[in-house]
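Visitor: Could you walk me through this one? I'd like to hear about a helix and some rings.

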Amino acid sequence: MNKYILRTRNLTKSFGKTEILHGIDLSIEYGEAYGLIGQNGAGKTTLLRLISGLMKPTKGTVNLQTGKTFIGYMPQSCRFDDNTTVSDTIRFFARLRDADVKESILLGEKLKLDMSKKVKYLSPGQQKKLQMIIAMTGEPDLYILDEPTAGLDPNATLEMKGIIKGIHEKGKSIIISSHILQDMDEICTNIAIMQNGVLTYNNEIETCYVFKIAEISPQVLDMLSNDFYLSVDELGTTLTAKITKEQVPQLISSLTTHSISIFEVTASNVKRIVQEHLHLIVSNDL
């Protein structure tokens, strides 16, 4: 069996004389959750539209190996028939996919959507929930999610992330574009970074932890580096360790043994990758 659910080769898109995407090669295996990161205008949405079939490439190919005739696509923004109810909208898309509508209706009720309400009266957050329900209808093998938590309040964000994690736990493949790096850390197995229409980074997420500490001497750093892959900033107070979660207590014990105070320990995987490859100072969002 082919291990790749998606492969693009030399994928290029031009609008007139302007080339937006330049020869994108991307391979996604079954069960992977890919985070797509880049600044506004990098070409992320164009790439997602090409993969989903909403646009045709100028050059190159998109090869999908899914067991279904459809994918789950959640665009950054979407308009439905304002005068149709939530229930009828869900049923319409279920019929298009020849899917059982019962689970979609149950999910809508779980997310506290009023099935009898007309779509035009839904809040932006409720619209997002409806889009997600439609994307999930028929349980596609591949999901393409463009800014799925953008504009959501904290509770709705947690609900959305819970849904996405549940999809991944079922073994489904996901491509998620987001400016919120914390979402990537919580959901994704791989990261792809786009700059000016070019894929500049494409790899699995390495586990990395950042320790805010009292100053560490070069001698102690050299000693600990025999057991851990470490780097430190110029002040010697921010220690970056490429270690697994299970190694965190070991490093904490080693630091305290050398009388080095620890003030904070945080996982910082995607943020570190973005800082290194986009050369940006970033917080939790890009």
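Here are a few questions and answers on the structure.

Visitor: What are we looking at, and how are residues numbered?
Guide: It's a predicted model, where local features need pLDDT of at least 70, side-chain atom pairs count only at pLDDT 80 or more, and totals for chains, interfaces and linings use all residues. Side-chain values use heavy atoms, with hydrogens and water left out, and residues are numbered along each chain as its sequence is written, from 1.

Visitor: Which residues of helix α3 are buried?
Guide: Helices here are DSSP runs (H or I, at least four residues; strands are E, at least two), numbered from the N terminus. Buried means under 20% relative accessible area, exposed over 50%, partly exposed in between (1.4 Å probe, protein chains only). In α3, residues 102-110, the buried ones are Ser-104, Ile-105, Leu-107 and Gly-108.

Visitor: Why do the buried residues line one face of α3?
Guide: Look down the helix axis and take the directions from it to the C-beta atoms. The buried residues of α3 line one face because those directions fall within an arc of 160°.

Visitor: What is the angle between the planes of Phe-80 and Phe-93?
Guide: Rings of Phe, Tyr and Trp (its six-membered ring) pair if their centres lie within 6.5 Å; planes under 30 degrees apart are stacked, over 60 edge-to-face, the rest tilted. Phe-80 and Phe-93 sit 6.2 Å apart centre to centre and are edge-to-face, with the planes at 80°.
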